[in-house]
Amino acid sequence: MTRTAKPGAVPGRMLGSVLGAVTAVLVVGGFVLGPHVGNLHNGLIAASFTAVGLYVVRRRPGNREGWLFVATGVAHAVMFAGREYGLHAGPLPGASWIGWLGVWPLPIVLVLAGVTVMSFPTGRLPSRGWRPVVGFLIAVGVVLAAVSLLWPVEYARTELVAAHPLHLPGAAAAVAFYPVARAVGYPLIQLAWVVCVIVRLRRARDDESRQLRWFVFAVTVSASVMVLGLLVWRTPVPGALTVPLVAVAAGAAILKYRLYDIDPVINRSLVLGAMAAVVTLGYVTVVTGVGRLVDGHGTALSLVATAVVAVAFEPLRRRVQRLADWLVYGHRATPYEALARLSAHLSAPAGGLLDGICTTVADGVGARQVVLWTGPPDELRAVSIWPAAAPLPPPQRLTDLSAVPPAAIVVAVPVVHDGQFRGAITVTKAPGDALTGAEQRLVGDLAAQAGLVLELRASAQRLVAAGDSARRRLERDLHDGVQQRLVTVALELGSVVRLAAASGHAKVAAGAEAVRVDLLAATAELREMARGLHPAVLTQDGLEAALGFLADRSAVPVRLTVAVDRRLPSQVEATAYFVVSEGLTNVAKHAGASLVTVRAELTGAGLVVEVVDDGRGGAAVRPGSGLEGLADRLATLDARLDVRSGPFGTRLGTVIPCA
Amino acid sequence: MLADDAVLFREGMARILTDFGFAVTGQAGDGPALLDLVRADPPDVAVIDLRMPPGYAAEGIDTAAAVRAVAPDVGLMLLSQYVEVHHALRLMTEFDGGVGYLLKDRVSDLASFGADVRKVARRETVIDPELVARLVARRRERDPLEALTDRERTVLALMAQGLSNVAVANGLHLAVKTVEAHVTSIFAKLGLAHDEREHRRVLAVLRFLRA
């Protein structure tokens, strides 16, 4: 494979190198001049954002977010170097102009950083609706920067040694106006990106959501350290030192989000942070609170405090861990809840038994994916998956199950019933997250339940198949036996009629003729019964011919479309036929419809069958009804009967999976 | 010549056909056996069961096609326990007349069955009245048959059974001219192209009724 550089990649690379070099010179120069605490974060942001941005752009030349990072980094580099120059104790040549460069762009650079965050991780705003917001922020930034450019409004705060280079009238008014405008403008910028990230996080799915969690995690840690530093040590240095973490996390999120999973990290951090806070608080409360009451027993109190903390630690940790699990993974059921919910799933009316088991396992162990397999060990077929939207994986051997994508499977538990292997349950969790002992036991218990369900399902399938073949056999016997005999008898009767007429026995002839007609009526009835048992035309000529017959006979006009280009397994054909047959019967009986649309179409998902009428509705799966029988029949084929009925008609639909 | 795997029925049919003045020149239990008989001595008509060994599906139609291939002049009468529209359409499409498709029940009405066999021998077309009745009674969204008069509907049903204008006229005790007028009117009302050949006409009408 040859790699051809995209047009624009080479100039992009050159520009990147130049910007990288400029940033390096500015940052190193700034640090040589002596980093000032209040300016430290600018240097760190400059170095980390430019470096990460350039790395991202090098790996993904088209990545807009990478360039936004570079822009943010370079802007901070200029400010950092300019400010260090202006902060230098012995004023350097041209310090007032160069230092000025490190001060007034601040509002604009803040807006730039905000937009960079708002565009994370795609480099684009979440939607067009954000454009006016960004326009407004830029306007705010430009106004603030313009004031700062003309008058020394930021100099008191930044403690620049060199004076503002311009001496324009109106400085007093500007100094009075600026803090107010800043107090409004800066929080607006912060608010905008915080809201934007929250909105994006709420809408994000899968990959983007994972990327955002990386980023939000880093920002949260950084902000926490900053707050902690300011509160405890009254210095922003620890917070500033964590700023590169944000850049690195963002870079990792863009390039490697699939490699490392952030959820376990967030989980552990939450537990760690919460425990540290609780332990500190407990210790401090005991030592200072009780210490104030009982003076002079410092050492003893420390010991007591330590003991209290030690005793309380494990129960507390468990509670905090549960809370953290809930925050990160959502609700995770206890084993008892899981089993209780399973029985609710299993007693649910139409189908879904297997889905119920998968959902229960997923709830119980906080899995990322759960698959239920059935069949012999050398050819396991996936029959159900959680989350339900995921596609079913292809058949596997039991020994190969751990290699099934998307990620290594944590456990594959065999499903055994009555000593016989029935299938397996596989559980996939987030990388680095293993099953606890209790969870293992839960999956084992659920596998036993699954064995029962799989066995029930298999026996239901056998019953339906046996019923079908019995009906087919009965139809064949009627056709070749009784019906054949009856038409032969009718034929002989016909000949009797003729003989009697020829020999002048008109009365006998008339009587025999009446019997013949009756006999034929009985034959016709028998023919209909046999057809109702199992239409021979379905076995012989397939679904289209059989549905055509149903449409011909329907009491309500039928618009029929059949798009099935091959013969399907007889179970599937028979079930589809009975769905349409039952549907048309119901329409004729109850719907008061003027038209029925019947559709049978073979799609990727299976055979789609639907019967839609424009009647008055009121159809439902009631116990003992024909629809319930259909639903049971469909369930054995892993299909579900979907009945939607309203005042403007009824739709009976299903998708029967078939290979 | 007869082909049916049900021996009793076949023998009975042979006897009454003989009584009725037909010469039954051979009997077979399945398609290939019939084909051998036809090759040896082509009859005027072969009466064939639709569902025969080995598959008990639609072997009769395949056998009929094979007979037509080796002996094009043999009339073909298909008998079945069920009459299916798609089989009728296939017979009308694949065979250029000289075919019949009846319920086995019809055999017991000797006079009309005998007449139908003779029609098939004359290259006419015979379709079972039950099948036609089913199609005519079929419920439709916007029923074009509503535009027909009762008399026209009767004529349409007879046409679909393969009757010629003359036969329709005899059956309904009408003048042939009157029937022709009805037929023209029916074709105009249903928007069908007129075709003098009967099996073409049957095909057109069946297709129309099924649409």
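**Close-ups of a predicted two-chain model**

**View 1. The largest cavity has a volume of about 90 Å³.** The model shown here is predicted. If you search the whole structure for cavities of 30 Å³ or more, you find one. Thirteen residues would be a lot to label, so here are the ones to look for: of the 13 that line the largest cavity, Q540(A), L50(B), S80(B), Y82(B) and H87(B) lie nearest its centre. Which helix gives the most to the lining of the largest cavity? That's helix 18 of chain A, residues 536-541, with four residues.

**View 2. Strand 4 of chain B, residues 75-80, is largely enclosed by the rest of the structure, because six of its six residues are buried.** Follow the side chains along the strand and you can sort them into two sets. G75(B), M77(B) and L79(B) point one way, while L76(B), L78(B) and S80(B) point the other way. Are these two sets buried or exposed? Both are buried. You've already met S80(B) in View 1, among the lining residues that lie nearest the centre of the largest cavity.

**View 3. Strand 3 of chain B, residues 45-49, runs parallel to strand 4 of chain B.** Five bridges join the two strands. For a handy landmark, find I48(B), which stands opposite L78(B) of strand 4. To get from strand 3 to strand 4, the chain goes through helix 3 of chain B, residues 59-70, and this β-α-β crossover is right-handed.

**View 4. Strand 5 of chain B, residues 99-103, also pairs with strand 4 of chain B in the parallel sense.** Count the bridges between strands 4 and 5 and you get five. Which residue of strand 5 is the bridge partner of S80(B)? It's L103(B). Helix 4 of chain B, residues 85-94, joins these two strands in a β-α-β unit, and that unit is right-handed.

**View 5. Stepping back to chain A, there are 21 helices and nine strands to pick out.** Chain A has 659 residues, and 43% of them count as buried. Take its contacts between residues at least 6 apart in sequence: 66% of those join residues at least 24 apart. As for the surface, chain A exposes about 32900 Å², with carbon and sulfur atoms supplying 66% of that area. Helix 18, the one from View 1 with four residues in the lining of the largest cavity, belongs to this chain.

Methods:
Residues numbered from 1 in each chain as written. Chains lettered and ligands numbered in written order. Predicted model: local features only at pLDDT ≥ 70, side-chain atom pairs only at ≥ 80, totals over all residues. Heavy atoms only, no water. Buried < 20%, exposed > 50% of the residue type's maximum accessible area, 1.4 Å probe, protein only. Contact = heavy atoms within 4.5 Å. Areas by Shrake-Rupley, 256 points an atom, 1.4 Å probe, with all protein chains shown as cover. Pairing = 2+ DSSP bridges. Right-handed = clockwise from strand over helix to strand, strands pointing away. 1 Å grid on protein atoms, 1.4 Å probe; cavity = no way out; pocket = protein on both sides within 12 Å on 5 of 7 lines; lining within 4 Å. Points joined across faces, edges and corners; volume = space filled by probe spheres on them.
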